[in-house]
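Trainee: Could you take me through one part of this model up close? I'd like to start from the inside and work outwards.

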Amino acid sequence: MSSSVELLQRAIQAARAGQKVEARDLLLELVEVDPQNEMAWMWLSGLVESLEDRIIACENVLTINPANEKVRAYLAELQRQHDIFLAGKNNDDAADLFTQAKAHAERNDRRTALQLATQALEKREDYEEAWLLIGRFSPDIDRRIAALEKASKLNPANPQTASALERARYSKANPLSNAARLEQLGKYEEALKVYEGLAAKAKNSQEFDHIYKQIIRIEGLRKENIRHVAPTSSIARLTFAWPLLYLSLALMQMGLNPLKHPTFYLLLGLPLVITGSFLLSLAEVRSHHIVWQKLFYEQGDGSPFARLVATATGWFLVLIPHVLLILDSLNRLRNFKIPPMPL
Amino acid sequence: MLPLNDTESNRYSFLPVMTVILIAVNCIVFYFEMFAVGDDYWPFFMKYATTPRLILSAQGGGALSNVTAMFLHASLFHLVGNMLPLWVFGRRVEDACGPWRFLAFYLLAGTWAHVLFVLVQSDSRIPGVGASGAIFGLMGAYLLLYPGGRIRTLVFISFVPLWPRIRAIWIVLYFVGIQIVPAVQILLRKADYSTNHWAHLGGFFSAIFILLFLRPEAFARYLSDTTV
């Protein structure tokens, strides 16, 4: 025992003299011999370097003397610091994992991206972007919805999350539309999976036949190795068709020289034809388009009613300028003096 | 050489509705021309055919005359000579476009045929009629979309009729090729031909616009280098 007291005094003297390493070594020697020495653990808690070791030293003090309130308060402070440190470390780890997940997602390696995003969420549960990534790329519609709900809870003000969540819920409620959307995005494999799932759950032979036809069609496209064309580019391409015809006819009407024979109201018809042609293309190319959301407050690729309205409006807008063109021609014909036949 | 039929079948639709309608309208208009207009055809053609001088001076029917001229024909031979290729080349082009866009392309090709005719023969007072400009547009479009297509064609070798399946490219090249010399003569020497060669060339080159009129699926096939 006397050697314990002596060791403790030497350690305290060394610590007071600023010889921390020596003091710590002496104290470690002491606690090895006398692990129940409260004073030794108390001094050690101030001399060891790492936060974890300090916490252990304090815990040992409290095991020996649970009534030591000073050390209890000090331990609480140390634990708070430790939690902050751990949270910071987790945040850094999560950010690293998410960066990797994002890179994999950009390379279209969705599986790895999803795994990394899940790991990032294990480190930091309130990582909104990681939830969004899962909500965007998970092949499981239920998981997508759950992830988006989580992201929405974390940041209710994010309009993109809200619309993605709405879309995901719509896809779940309308699996056929979801499959069509996947096909439009060129994700033939995923579309086939959805169709196959639907075929297994078909309520009657008619429904099964319809789904089976879609499966055969997509498999045909895959077999033929048909290149995927984005619906937006199809809409843009088809939008040019009718305006090109109208412009050609309007130029003929203006004697192929709009500067010499200007008929401006014919040129004013061009934006109408473009708008009409766009609506016709939109109604034909089944795609999830913002127009359905903004004009018809609908998710998905437009209900039959919305498509009908778009088609009717499109034809109206395309035809009106053409009718004006014909009326202008007829008016000119009415005042036309037929020239004599050349000899 | 007379193309009779495209031997390949349709992919997207069963009946080429618009092609049939166009043929029917052309025949009805020809019937009207023969029996209702009669000998007093000059005022009728001045109003409803494309006359370069009138077009350039913004007189007469303008755009309307340009469209109506596509449905007028000078003789029964002219009508049959146009309607047969319209059926042969139009059927599958319509299949790739859908009826309404096919109609738009047909009118566009006819209009561009007239544009070239008007620009090259700007002094002409002779009205131009016929669907041939638009049909040359269909030929060009057919060549772009179905370069490997084969056409059952009636040919006479030493007065012996034969109907082999000939690659569309040879038929189209033949019909376009026979336009070139007269077209150059019209341009350089102001030669006078009863056939509207520049309109044929104008229609043929407007075929490039067919890509704007294709169904999305047909366009994807075109980009994938598979049969449209």
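Which residues of the largest nonpolar core touch the most other members?

Mentor: Happy to, and keep in mind that this is a predicted model. The largest nonpolar core has 93 residues, and those touching the most other members are Val93(B), Phe105(B), Ala109(B), Leu138(B), Met139(B) and Tyr142(B). If you want to know which element gives the most to this core, go to helix α6 of chain B, residues 99–120, which puts in 12 residues.

Now zoom in on Leu138(B). Skip its neighbours within four places in sequence, and Leu138(B) is in contact with Leu86(B), Phe89(B), Gly90(B), Val93(B) and Ala109(B). Two of those names should ring a bell: Val93(B) and Ala109(B) are also on the list of residues that touch the most other core members. Apart from this core lies another one, of 21 residues, and among them are Leu116(A), Trp131(A), Ala147(A) and Ala164(A).

Step back to chain B as a whole. Its secondary structure comes to 10 helices and four strands. Walk along the sequence and you get β-α-α-α-α-α-α-α-β-β-β-α-α-α. Of its 228 residues, 50% count as buried. Take the contacts in chain B with a separation of 6 or more, and 75% of them come from residues 24 or more positions apart. As for overall dimensions, the C-alpha trace of chain B spans about 45 × 45 × 40 Å along its principal axes. A compact globule with 228 residues would have a radius of gyration near 17 Å, and chain B has 17 Å, so the two agree.

For a smaller piece to compare by eye, hop over to chain A and find helix α11, residues 188–200. At 1.5 Å a residue its 13 residues should span 18 Å, and the end C-alpha atoms are 18 Å apart, so that agrees too. The buried residues of α11(A) are Ala191(A), Val194(A) and Tyr195(A). Look down the axis of α11(A) and these buried residues fall within an arc of 95°, so they line one face of the helix. That spacing is no surprise: an α-helix has 3.6 residues a turn, so residues three or four places apart point the same way. The cover over the buried residues of α11(A) includes α10 (175–184) and α12 (205–224) of chain A. Turned away from that buried side, the other face of α11(A) carries the exposed residues Glu189(A), Gly197(A) and Ala200(A).

Technical notes. Residues are numbered from 1 along each chain as its sequence is written. Chains are lettered from A and ligands numbered from 1 in the order in which they are written. This is a predicted model: local features need pLDDT of at least 70, side-chain atom pairs count only at pLDDT 80 or more; totals for chains, interfaces and linings use all residues. Helices (H or I, at least four residues) and strands (E, at least two) are DSSP runs, numbered from the N terminus. The expected span of a helix is 1.5 Å times one less than its number of residues. A residue is buried if 20 or more other C-beta atoms lie within 10 Å of its own, exposed if 12 or fewer, and partly exposed in between; C-beta atoms are placed from the backbone. The arc is that of the directions from the helix axis to the C-beta atoms. Two residues are in contact if their C-beta atoms, placed from the backbone, lie within 7 Å. A nonpolar core is a set of buried Ala, Val, Leu, Ile, Met, Phe, Trp, Tyr and Cys residues joined through C-beta atoms within 7 Å. The radius of gyration is taken over C-alpha atoms; the globule rule is 2.2 Å times the number of residues to the power 0.38.
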